[in-house]
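Hi,

Here is the structure I promised to pass on. Have a look at it first, and then read my notes below.

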Amino acid sequence: MRNRFIFTCGDINGIGPEIVIKTINRLSGTKGKQFIIVCPANVFEATAAFVNPGFKFSKFTRISELDNQTIILFDPGKFKFKYGKPTFTSGKSSYLALEIARDLLIKNLADALITAPISKTALSRAGYNFPGHTEMLAEWFGADNFVMMFLSKKIKAALATIHEPVSAVPQLITKDKLKSVIEVVITSLQLDFHIYNPKIGITGLNPHAGEEGLIGDEEEKILKPFLKNSPKRKYLSGPFPADAYWGNKLYENFDLTLGMYHDQVLIPFKLLNFSRGVNYTAGLPIIRTSPDHGVAYDIAGKNLANENSMVEAFHFADLIINNRKR
């Protein structure tokens, strides 16, 4: 039985439709796969004017009409677009594409979702109050415990907190929070990647990991007691000073690095993996991956976008599907 993948267009004013077509161009000869592209047909056609789709496809507008064609364009309707900026329309169309993908997954018509980048500003202008894909999908699929992970051939990493203001992070780092994150991460490493005895390196919250309480006390009050008493402690090491951890390449000694907040992980991860990194939402009942970059309004419509990260998102989704089936 072939694996079936949904590609959502992301923000139609950004590079999403372009990298989707470029990705399918590279994957269209792959055997045993089905690709469903959810994108307004008028946007797809405009993108095809500068990125030639080197594949045959069938177009549908209703889920009930879908067939077994290898490549399908699912058209949610016509939307006005203007490259280079977030708008009400770009937010509405990106949300609708995700709703269609959700319904396909619920009906077991797909095995994995690969999402092109969306704009949080555009979503907000269209009236949708989600900080990103991760939180939206978690709510839709009833996942209380979920983790944003980042994947590449070099590194696997995860966040204890996701899209939170830096000022809010210290209050969010609790023993209960760490417990739920660690449980999701270990389950994902074992189920999705077949790493059955994972080694996880954990960075501190404060500079120098708190310097024994001299520069913040979260390490002494929360992180160290948690690591000492966790039932999963055989898998865990830290807390390490984040700068030295990344600078000395200690991540190479671990199957996964857990950081406390967004930029503590994303800055080094993107420095090491830009155009190859993948965003993965662990803890969902579905499989969802995404390229680890944004909408890139500055190059939208110019045929300059690099699809490598989207291609890697496909490969990781395919890997996880196969691992979960075993």
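Let me start with a question: where is the place of Ala 209? Ala 209 sits in the loop between β8 (200–203) and α8 (218–229). Before you go further, keep in mind that this is a predicted model.

**Backbone oddities**

I picked Ala 209 because of its phi, which is near 55°, a positive value in a residue other than glycine. As background, most residues other than glycine have a negative phi, and most peptide bonds are trans. At 8% relative accessibility, Ala 209 counts as buried, since the cut-off for that is under 20%.

Ser 275 also has a positive phi, about 80°, although it is not a glycine. You'll find Ser 275 in the loop between α10 (262–273) and β11. With a relative accessible area of 24%, Ser 275 is partly exposed.

Then there is a cis peptide bond, running from Gly 238 to Pro 239, with omega near 0°. Pro 239 belongs to strand β9 (residues 236–240).

**Aromatic rings**

There's plenty to look at here: the structure holds 17 aromatic pairs. One of them is Tyr 95 with Tyr 128, a stacked pair at 3.7 Å centre to centre and 5° between the planes. This pair links distant parts of the chain, 33 residues apart: Tyr 95 is in helix α3 (residues 88–106), while Tyr 128 is in the loop between α4 (120–125) and α5 (133–140). Tyr 95 is buried, at a relative accessible area of 10%.

Phe 193 and Tyr 280 make an edge-to-face pair, with 6.2 Å centre to centre and 90° between the planes. Here too, distant parts of the chain are linked, with Phe 193 in helix α7, Tyr 280 in strand β11 (residues 278–282), and the two positions 87 residues apart. Both Phe 193 and Tyr 280 are buried.

You may also want to pull up the aromatic cluster formed by Phe 240, Tyr 245, Trp 246, Tyr 251 and Phe 254.

**Charges over rings**

Phe 193 turns up again in this part: the charged end of Lys 156 sits over its ring, 5.1 Å from the centre. The charged end of Arg 102 does likewise with Trp 140, sitting over that ring at 4.6 Å from its centre.

**Salt bridges**

Arg 102 has a second contact to show, a side-chain salt bridge with Asp 103 (3.3 Å, N to O). Asp 103 is partly exposed, at 28% relative accessibility. In total, the structure holds 11 salt bridges.

Another is Glu 183 with Lys 179, where the closest N and O atoms are 2.9 Å apart. How are these two placed along helix α7 (residues 175–193)? Glu 183 and Lys 179 are 4 residues apart in that helix, so about one helical turn separates them. Glu 183 is partly exposed at 32% relative accessibility, and Lys 179 is partly exposed too, with a relative accessible area of 43%.

Last on my list is Asp 217 with Lys 221, whose closest N and O atoms are 3.1 Å apart. Asp 217 counts as partly exposed at 31% relative accessibility, whereas Lys 221 is exposed, with a relative accessible area of 55%.

Cheers

Terms used: Residues are numbered from 1 along each chain as its sequence is written. This is a predicted model: local features need pLDDT of at least 70, side-chain atom pairs count only at pLDDT 80 or more; totals for chains, interfaces and linings use all residues. Side-chain values use heavy atoms; hydrogens and water are left out. A salt bridge is a side-chain nitrogen of Lys or Arg within 4 Å of a carboxyl oxygen of Asp or Glu. Buried means under 20% relative accessible area, exposed over 50%, partly exposed in between (1.4 Å probe, protein chains only). Rings of Phe, Tyr and Trp (its six-membered ring) pair if their centres lie within 6.5 Å; planes under 30 degrees apart count as stacked, over 60 as edge-to-face and the rest as tilted. A charge sits over a ring if NZ of Lys or CZ of Arg is within 6 Å of the ring centre and within 35 degrees of the ring normal.
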